[in-house]
Amino acid sequence: MFRGVVVLAWLVLACRSFAAESPKVVLFTGADPIQPAALVQLEAIRKQLDASPLQGAEVFLETLDGFRFGSENLTPEFLALMKKKYAHQHVDLVIGLGNYAADFSIKNHAEVWPGAPVLLSSVPEDWLSQRSLPDGFSTVPYRIDVAKTLSIAQALQPEAHRLVVVGGNADVDLRFVKRVVEAAEKNKAQWSVIEEWTGLPLNELQRRLALLDRNWAVVYTTMYRDRDGRRYFPYQAVAPMVEASHVPIYGWYSVYLKYGLTAGAVYDMEENGRKTGEVASSVLRGGHVEVSALPALPERCVANLSEFDRLGLSVSRLPSACRLVNPPPSVFREYRGTVVTLLGVLLAQSVTIAALLTQRRQRRRAEAEAGERRNDLARAARLATVGELSASIAHEVGQPLGAILSNADAADLLLTSSPANAEEVHEILADVRRDALRANEVVVRLRALLAKQSVSFSAMNLDETLTQSLPLIEPEARRRCITVKMLLNAGNVKIFGDRVQIQQILLNLALNSMDAMQHTAPDERVLSISTRLLDSGIELVVADRGHGLPAGAATRLFEPFFTTKAHGMGLGLSIVRAIAEAHHGRVNAAERNGGGTVISLTLPLWNGLREAGIEGGSRTAMDRTVNSTGRAAKS
């Protein structure tokens, strides 16, 4: 039973809600509604009404263009039309905009819209103070502060002492001009000359404005009609005046600013419309607004920045609270999104470039450090090689030193005998010189091999370098009873490389071959070193008759720390491969027919590298080998 009562009550309320009509509002304007000031105001009012919690208001627009045509002759016919139009319409609110609409509403609202509340807006505060409003009337007044606009002109043009007041020939135009003149006359110290230009046609107005200099300031009021009877909307005169004038033009309507008005104590039509819509919504909801409770909307200092640049005015002379509008066009303002995107892209690119440059510096530093480690490791390998050759080198140096000692003793005996044989002494001295040179050559070769030096690539003859390196390995070969056979057929063709590194390759390969023949019969110990010219390079072959390669060792023979010797470190052949790759060459190992091992090194010709645009050996491969060797050693 209770549930049925609730449902019935809900249905009754729903029916009443659907039966309720939308509030009806008459928007009554005393000016043509298509002029910008009226449009801005009407749009703001409609937006507030639509945003109110009430159902969407039904709005009727009425206009009495009293500013351009006057209202005295139109009122009787207009009143009859309004009475007939709204005779059977219930109106919830009348909004009168402007003086002419306010006058008509005060006099005739009881006949046209009896009982409907009336809201007057865009009515001057001083106009309202001279009238007594009927019950049910609310107001949103505004204030035009002519003196404040004149003070802005004085601040921006302190040198100006002449004032021109421009207006039309309609009643409202003449009233505004008179008001400005009266305000200016109170300040004779600033304005020594005050001229009224009323009702001038636009062409005549432009001609006069073009003749003004910096001693003049211009205040524009309104122009609804000129002396020839031509009708205007006030905003239409602003742009032609600004185009012709070389001095600032001041006023108090916000809509003038976008057409070039310089500055003024501005009355904002959009703010008026917004406030009017708020009060209208309150009245429609049943609220009562006292006339005295609504103060006049304030005027605010507003300046047009685009005109400041054109006229050379200083923004610093404006009051501190002055709002700046219409900044000059700029790429950033016109294309803010695009500019921000481009700046973001440029910033990202800059960060990327900086990171790449940092990475490049770090890579170069790492390459330099790797190069130093490579050189140190190669030098250490050479020291180790020389250590292995120490016995042979000592023997090789000891022989000439022993011969020198024997020859010195012989020369001493000859010099003490009588008579001394000068010819034999000269022969002995020649032998001493020869043996000394022989020992010196061994020391010089060792010093060149062991010296710490940077890698230096140059065009070099491979056969000549191998021949110069032979004395370093021959003593060790003799000590081990190994026969060295050299067959150099590369001729005068040159490669591009480092002489010391090529010598190190030969020493490493030769010592490995000698070690491999440790258990070979002495009469079969033969070390073969040969070169031959290929189509695109020179091949160096080092062959031995040793124990050969274990199964699977050929593919790993040149890896760091891989060795087939009991006490080997596994660095010699890995360095050989790194040096070969740094010279754009390659090295291979294979079993020799009849036993032993054959290691072949192929190096490109210098002419081929130069034609390919490579001026030196690439050290990347060698650095990689050295770095991997270093990492393995650390682990």
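This passage walks through a predicted model of a protein, starting with the whole chain and moving on to helix pairs and single residues.

Taken as a whole, the protein has 635 residues, and 45% of them are buried. Its secondary structure adds up to 21 helices and 19 strands. A good deal of the contact pattern links distant parts of the sequence: if contacts between residues at least 6 apart in sequence are taken, 73% join residues at least 24 apart. As for the outside, the accessible surface is about 32900 Å², and carbon and sulfur atoms account for 54% of that.

Two helix pairs can be looked at in some detail. One of them brings together helix 17, which covers residues 462-479, and helix 18, which covers residues 499-516. Their axes sit 9 Å apart, and the packing angle is about 40°. Angles under 35 degrees would count as roughly parallel, so helix 17 and helix 18 are oblique to each other instead. The crossing of helix 17 past helix 18 is right-handed. On the helix 17 side, the residues that take part include Leu462, Leu466, Leu472 and Ile473, while the partners in helix 18 include Ile502, Leu506, Leu507 and Met514. Sorted by class, the residues of this contact come out as eleven nonpolar, four polar and two charged. Among the residues at this contact are also Glu476 from helix 17 and Arg499 from helix 18.

The other pair is made of helix 2 (residues 36-51) and helix 11 (residues 269-284), whose axes come within 7 Å and cross at roughly 35°. Here too helix 2 passes helix 11 in a right-handed crossing. Helix 2 contributes Ala37, Val40, Gln41, Ala44, Ile45, Gln48 and Leu49. Across from these, helix 11 offers a set that includes Met269, Gly273, Gly277, Ala280 and Leu284. The contact between helix 2 and helix 11 has eight nonpolar, seven polar and three charged residues.

Moving to single residues, Ser122 and Cys481 both catch the eye through their backbone angles. Ser122 has a phi near 55°, a positive value in a residue other than glycine. Ser122 belongs to strand 4, which runs over residues 118-124, and is buried, with a relative accessible area of 9%. Cys481 likewise has a positive phi without being glycine, in this case near 60°. Cys481 is found in the loop that connects helix 17 with strand 14 (483-488). With a relative accessibility of 47%, Cys481 counts as partly exposed.

Ile249 is part of strand 9, which spans residues 249-250. At 4% relative accessibility, Ile249 is buried. Once neighbours within four places in sequence are set aside, the contacts of Ile249 are Val218, Tyr220, Met241, Val242, Leu261, Thr262 and Ala263. Ile249 and Ala153 are 96 residues apart along the chain, yet their C-alpha atoms are separated by 8.7 Å.

Tyr235, finally, is placed in the loop between strand 8 (216-220) and helix 10 (238-244). Leaving out residues up to four places away in sequence, Tyr235 touches Gln35, Pro36, Tyr256 and Tyr259. Measuring from C-alpha to C-alpha, Tyr235 is 8.2 Å from Met223, with their positions twelve residues apart in sequence numbering.

Notes. Residues are numbered from 1 along each chain as its sequence is written. This is a predicted model: local features need pLDDT of at least 70, side-chain atom pairs count only at pLDDT 80 or more; totals for chains, interfaces and linings use all residues. Side-chain values use heavy atoms; hydrogens and water are left out. Helices (H or I, at least four residues) and strands (E, at least two) are DSSP runs, numbered from the N terminus. Buried means under 20% relative accessible area, exposed over 50%, partly exposed in between (1.4 Å probe, protein chains only). Contact means heavy atoms within 4.5 Å. Accessible areas come from the Shrake-Rupley method with a 1.4 Å probe; for residues, only the protein chains shown count as cover. Axes are lines fitted to C-alpha atoms, for helices over the stretch in contact, and angles run from 0 to 180 degrees between N-to-C directions. Angles under 35 degrees count as roughly parallel, over 145 as roughly antiparallel, 65 to 115 as roughly perpendicular and the rest as oblique. A crossing is left-handed if the near helix is turned anticlockwise from the far one by less than a right angle, and right-handed if clockwise. Ala, Val, Leu, Ile, Met, Phe, Trp, Tyr, Cys and Pro count as nonpolar, Asp, Glu, Lys and Arg as charged, and the others, Gly among them, as polar.
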